[in-house]
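Biologist: Please put the fold and the ligand site up on screen. I have a few questions about both.

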Amino acid sequence: MKIGIADTTFARVNMGRFAIDELKKHSSVTIERYTVPGVKDLPVACKKLFDEYQCDICMALGMPGGKEKDRMCAHEASTGLIACQLMTNRHIIEVFVHEDEAADDAELAWLAEQRTREHAVNVIKLMRPGTLEREAGTGQRQGFSDAGSARQ
Ligand SMILES: Cc1nc2c(=O)[nH]c(=O)nc-2n(C[C@H](O)[C@H](O)[C@H](O)CO)c1C
């Protein structure tokens, strides 16, 4: 198994470092890292990780800014990431941390690390068929607290 990590220099937290650290804690998989300037460059980075580096699954790590044009960029990037998944028939776990989700820099750094690490664990679980099934409907969230199951 080979995991691709695509990340950006636009992000204000080194999300790639946290992803790699977490993946190594849980498995001995091979990891390829590909860093690009911003989120809109992530789809082709992931495509190259699949096509040229033979990755089986990718994480796309990015940090959209708080302005309207940043939100637009993030939406475009997400659309590209979905297209890449359909073209390659492989999963890309998108880990976007919007700058305005956090109240200050300290919370932003904490959120980016936490969300990245939790999604890295999701990647490991996705590679082991049936594992995520045990958590279906449990209201998992990455970063802030889990929502939990709704009462039935
Ligand atoms: C407006 C803008 N906002 C963001 C952002 O919020 N987050 C991010 O990672 N990148 C942004 N970029 C840069 C683009 O994603 C891309 O890197 C450039 O347009 C070069 O292709 C741009 C241009």
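Biologist: In what order do the four strands form the open sheet?

Modeller: This is a predicted model. The sheet is open, and its pairing is parallel. Its edge strands, β2 (30-36) and β4 (92-96), each pair on one side only. From one strand to the next, the twist averages 15°. The order is β2-β1-β3-β4.

Biologist: Which residue in β2 does Ala-6 stand opposite?

Modeller: Strand β1 covers residues 2-8 and pairs with β2 in the parallel sense. Seven bridges join β1 and β2. Opposite Ala-6 stands Tyr-34.

Biologist: What angle does the direction of helix α3 make with that of β4?

Modeller: Helix α3 spans residues 68-88 and packs on the sheet. There it touches β3 (57-62) and β4. The angle between the directions of α3 and β4 is about 170°.

Biologist: How much of the ligand's accessible area does the protein cover?

Modeller: Start with the backbone. Polar backbone atoms of Gly-38 and Gly-65 lie 3.0 Å and 2.8 Å from a ligand oxygen. A backbone N or O atom of Lys-40 is 2.9 Å from an oxygen atom of the ligand. On its own, the ligand has 490 Å² of accessible area, and the protein covers 72%.

Biologist: How many residues of the shell around the ligand are charged?

Modeller: The residues around the ligand include Phe-10, Met-63 and Cys-73. Also among them are Lys-40, Asp-41 and Asp-70. The shell has six nonpolar and two polar residues. The charged ones number three.

Definitions and conventions. Residues are numbered from 1 along each chain as its sequence is written. This is a predicted model: local features need pLDDT of at least 70, side-chain atom pairs count only at pLDDT 80 or more; totals for chains, interfaces and linings use all residues. Side-chain values use heavy atoms; hydrogens and water are left out. A residue is near a molecule or strand if one of its heavy atoms lies within 4 Å of it. A polar contact is a pair of N or O atoms within 3.5 Å; within protein, one must be able to donate a hydrogen and the other to accept it, and residues adjacent in sequence count only if both atoms are side-chain atoms. Accessible areas come from the Shrake-Rupley method with a 1.4 Å probe; for residues, only the protein chains shown count as cover. Ala, Val, Leu, Ile, Met, Phe, Trp, Tyr, Cys and Pro count as nonpolar, Asp, Glu, Lys and Arg as charged, and the others, Gly among them, as polar. Two strands pair if DSSP finds at least two bridges between them. Helices (H or I, at least four residues) and strands (E, at least two) are DSSP runs, numbered from the N terminus. Axes are lines fitted to C-alpha atoms, for helices over the stretch in contact, and angles run from 0 to 180 degrees between N-to-C directions. Contact means heavy atoms within 4.5 Å.
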